[in-house]
Every structure is written in C-alpha cells, then in structure tokens.
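Visitor: Could you take me through one part of this structure up close? I'd like to hear about the salt bridges, with one pair looked at in detail.

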Amino acid sequence: MSTLEALTLDQVVDTTRYPLTALDGAEGRAVIDRARRDLAEVGCTVLPDFVQPALRDLLRQECSALAPRAHYDVETVNVYNIAVDDSLPADHPGRIPFERGNAFVARDRIPQAALISQLYTHEAFRTFIARCFGLAELHELADPLAGLVLNVVEPGREHPWHFDTNEFTVSMLTQEAETGGAFEYCPGIRSADDENFDDVRDVLSGRGDRLVRRLPLHTGDLQLFKGRYSLHRVSPVAGGTSRHSAIFAYSERPGVIGSVARTRQLFGRVLPEHLAAAEKRAVRGDRLLD
C-alpha cells in the first residue's frame, strides 16, 4: 500500500477551492459560510472534489485494500437501534425491522500513513471542520477503534434507515457502488422535543417519498451532516462493487470513548480502554429513544 508521508496538505486537498490554511481569507470565509448555510437549512453539505484528482485512485485503492479488515455482521435492527418490546404500540415505527449488513474497519487497522488517517489527524482539517459546524474546536476521539473508521457496504447489503447518536458526522466517499448505494435523508424530520413518529413511519413504510432527499456522492467528496434529527440511510448496493466511505469522528470535548455495547456491536471486540471508561456514562442532552 502506498503511503503519503511525503505529501503536503496542498497535494492531498484541492486547497485552491478549499483553502484550509487560509480560512480567514475571502475564499475561506465563502466556503465556510456556504457550509454553515447548507447545514442550517437542510442539515447537510457536500464539498465536491475535496481530494485532488491525482490522488483519488490512491484513495480508492488504499481503502479497497483495507476493506477485508472490516468486522462483518448481519443483524435485524430498527430505526432507533433499540429492543422491540410490548411497551411499544403496534403501529410504532420502532416495530418495523430492517436487516443491517454493513461493516466497519476499526481505526487500529488503518495505517497512520493512509490518506484518510493523515486527513483525520491534520490540525488544519480538524479546524476547518469545526469552523464549518460553527464550533470553537474539535478533538479526535480517544477511542482506539471508533475515531476513524472505514464503512463497507457490500453488494446486496444496505445501511438501513437510522438516526445518529452524535450531533454531527463527517464522511468521505472513497469508492462508489456500481449500482445503488445512494445517500438518502430526511432533514429535520424530528427534533429534541418531538419524535414525529407519523412521518418517520411513512418513510419507513415507503409512503414518505415527499420527505426524502437523495444526494449524489462521488469518490473524494467530503460530506458534513447533522444526523441526530435527520433520518437517513445508504440504499441497497447492487452490482459487483462495494461502497466504501471513511467516517471521521470528532468530539467537542477531549477523551471521548465509545460504550462497550456499541463498540462490540460495530467491531466485534472491545479493548481495555472501553472497559475502563464504562463507569462514566455520558449525560444526554435530549430524551429521544436512541
């Protein structure tokens, strides 16, 4: 696998279009303003061709070589990723099952020299992401598995409808599916105070197309997304090519480590760091089901 140790940020990112080291200049402010406007209005923004054209093949090849390191698991889930029990009404959207068959390559299986690793750890990239979300600063996750991951969706599989448990998501498509694998989302379908079960149920049942946006993504595009209140999915992948995307996980506070249960679900294993952090439960800012 090729490495990027000798490459500068300008060689990796189209810094003419996205001036990561000159964010206070006119071009930098324009990029950030557009991202903030998109995020405020529809909860999502895409920065197309973020990676230089000359490196997109390397990006795809590196991540394709990493894909076999993913933890694969197929399970039946619901949109809230909670257990279904008798306390849920019969028409509750949480009673609609989906088969989730995506997979994740954990951070400790991604070389530090890989392009996605170098981006994830670069201070200018992290500062740029924080500015786009209107945050004072961001930190890499302390989690040794979940900070940076590669998501793999193989042909015949999908990442079904769900909400994120975190407020924001940063991802980059590294390999397009031959067919399918579209990112679909319903911006602001719920709020911290209202689950809006009726609209969620319509989408899950195939009756809510009026609420769904479909977002074309290509290799090297960077996507910033607010997924806590926006229902979203990756549609079923078909053809002979898997869909790969890098997920860059940051937090507004340092030292964040994932829960034991969620870590085991995603990666099939936990490390001592997860067990040590299990006693510290995060304080939730809302009362949503998930």
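**A close look at a salt bridge**

Guide: Sure, and let's start at a neighbouring topic before we zoom in: D49 is partly exposed, and its relative accessible area is 29%. Keep in mind that this is a predicted model. D49 has a salt-bridge partner, R56, and their closest N and O atoms sit 3.4 Å apart.

Now for the pair I'd like you to zoom in on: E75 and R100. Their side chains form a salt bridge, with 2.5 Å from N to O. Look at where the two residues sit: E75 belongs to strand β3 (residues 75–77), while R100 belongs to strand β4 (residues 98–100), so this salt bridge ties together parts that are 25 residues apart in sequence. What about their surroundings? E75 has a relative accessible area of 21%, which makes it partly exposed. The cut-off for buried is under 20%, and R100, at 10%, counts as buried.

Let's hop along the chain to another pair. D209 and R214 make a salt bridge too, and here the closest N and O atoms are 2.6 Å apart. D209 is partly exposed, with a relative accessibility of 47%, and R214 is partly exposed as well, also at 47%. This pair has company: salt bridges with shared partners link D209 and R214 with E158, E184 and R233 in one network.

And if you fancy hunting for others on your own, the structure has 18 salt bridges.

Conventions:
Residues are numbered from 1 along each chain as its sequence is written. This is a predicted model: local features need pLDDT of at least 70, side-chain atom pairs count only at pLDDT 80 or more; totals for chains, interfaces and linings use all residues. Side-chain values use heavy atoms; hydrogens and water are left out. A salt bridge is a side-chain nitrogen of Lys or Arg within 4 Å of a carboxyl oxygen of Asp or Glu. Buried means under 20% relative accessible area, exposed over 50%, partly exposed in between (1.4 Å probe, protein chains only). Helices (H or I, at least four residues) and strands (E, at least two) are DSSP runs, numbered from the N terminus.
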